[in-house]
Amino acid sequence: MKKLMYITYNENIFHYNHSGIRNKIYSQCESFKSAFDEIYCVTQMNDWARLFGDGNIIESKPAITRRTYIENVINWIKKYQIKYVYLRHCGCDKLYIDLLKFFSDNMISVVCEIPTYPYDNEKSYCRETLEDSIYRQYIKQYVSYIATSSGVSEIWGIKCIEIFNGIDVTNYSFHEKKQTTALKEIHMVAVAAEFAFWNGFERLLYGMHEYKCHFHDYSFLLTLVGKGGDERVYMELVNKFDLANEVEFISHLDKSGLNELYLCVDFIFEKAEA
């Protein structure tokens, strides 16, 4: 029986700001079911290590420190006889390398996902960024492949597998939008749990401005769903380009709200590649 464990490291996916990340992980676990008989997911949440299966908590163990979290992960791998691991990378330290070494010593196949790369500018310089810059050079000793949506073929000397941070279209309803006005109108929506510079949504605003200055055949409307991060940057561009009547900000929509919105738009942007 093939069993996969999806492990998050140094990241609480149940934080209120991480709903988009959580939904992505759930979708990935669903897709893995086509290749594996059993899927487990491990995350650290409020000083507890949580082991999930099919969305339900199977076990919980105290994990105040990263070391105790890693110890719990290793114990669960042994207990459930895991031979395949998908590891979500959010920074590297000695404990992270020790975990990779454990995988290697026990013949456990591992794919490491780096959601965005390069990521050095995502955090201010601190102890964590220093540790990461020191220890990540050792990852290639234990990892054969890195999964990333950053459009690169190699990271730190390790071959990359390209993945896409898209929505699971099976969870939403789509239809051909009917033109209801005489004016040719194109409605776009861009969705992110938290706006960040790597989303690239500011390109939509620049594009709308350029089109508005030189062409008038179509009217473009944009709905930005998300909050925080680069939200202020987007608002400043909207004011600068006089797009207040064309751009709408919505902080959060649940699945049903997104479903309703998707039925009314022409284009959906989840992420723009660099």
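Let me start with a cysteine. Cys-29 is buried, with a relative accessible area of 11%. I should say straight away that this is a predicted model.

Is Cys-29 in a disulfide or not? A disulfide is a covalent bond between the sulfur atoms of two cysteines. To be counted here, the two sulfurs must lie within 2.5 Å of each other. By this rule the chain has zero disulfides. Cys-29 is therefore unpaired, since the nearest cysteine sulfur, that of Cys-41, is 4.8 Å away. For another cysteine, take Cys-264, which is partly exposed at 41% relative accessible area.

Now the chain as a whole. The chain holds seven helices and 13 strands. It has 274 residues, and 42% of them count as buried. If you take the contacts between residues at least 6 apart in sequence, 70% of those join residues at least 24 apart. The exposed area of the chain is about 15500 Å², and carbon and sulfur atoms supply 52% of that.

Next, Thr-148. Thr-148 sits in strand 7, which covers residues 145–148. Is Thr-148 buried or exposed? Its relative accessible area is 1%, and the cut-off for buried is under 20%, so Thr-148 is buried. What does Thr-148 touch, once neighbours within four places in sequence are set aside? The contacts are Ile-114, Pro-115, Ile-155, Cys-160, Ile-161, Glu-162 and Ile-163. Within its own stretch of sequence, the Thr-148 side chain also makes a polar contact of 3.0 Å with the side chain of Ser-150.

On to the surface. Leu-130, Ile-134 and Tyr-138 make a nonpolar surface patch of about 240 Å². Tyr-138 is in the loop between helix 4, residues 127–135, and strand 7. With a relative accessible area of 35%, Tyr-138 is partly exposed. That value is over the 30% required of patch residues, so on accessible area Tyr-138 qualifies.

The last residue is Glu-246. Where is Glu-246 placed? It lies in the loop between helix 6, residues 231–240, and strand 12, residues 247–250. Glu-246 is a loop residue, and it counts as buried at 18% relative accessibility. The cut-off is under 20%, which means that Glu-246 falls on the buried side of it. Leaving out residues up to four places away in sequence, Glu-246 touches Met-208, Lys-212, Phe-220, Leu-221 and Leu-222.

To recap the two loop residues: Tyr-138 is partly exposed, whereas Glu-246 is buried. As for the cysteines, the count of disulfides is zero.

Conventions. Residues numbered from 1 in each chain as written. Predicted model: local features only at pLDDT ≥ 70, side-chain atom pairs only at ≥ 80, totals over all residues. Heavy atoms only, no water. Helix = DSSP H or I, 4+ residues; strand = E, 2+ residues; numbered from the N terminus. Buried < 20%, exposed > 50% of the residue type's maximum accessible area, 1.4 Å probe, protein only. Polar contact = N/O pair within 3.5 Å; in protein donor to acceptor, adjacent residues only side chain to side chain. Contact = heavy atoms within 4.5 Å. Areas by Shrake-Rupley, 256 points an atom, 1.4 Å probe, with all protein chains shown as cover. Patch = residues over 30% accessible without salt bridge, like charges linked within 9 Å, V, L, I, M, F, W, Y side chains within 5 Å. Salt bridge = Lys/Arg side-chain N within 4 Å of Asp/Glu carboxyl O.
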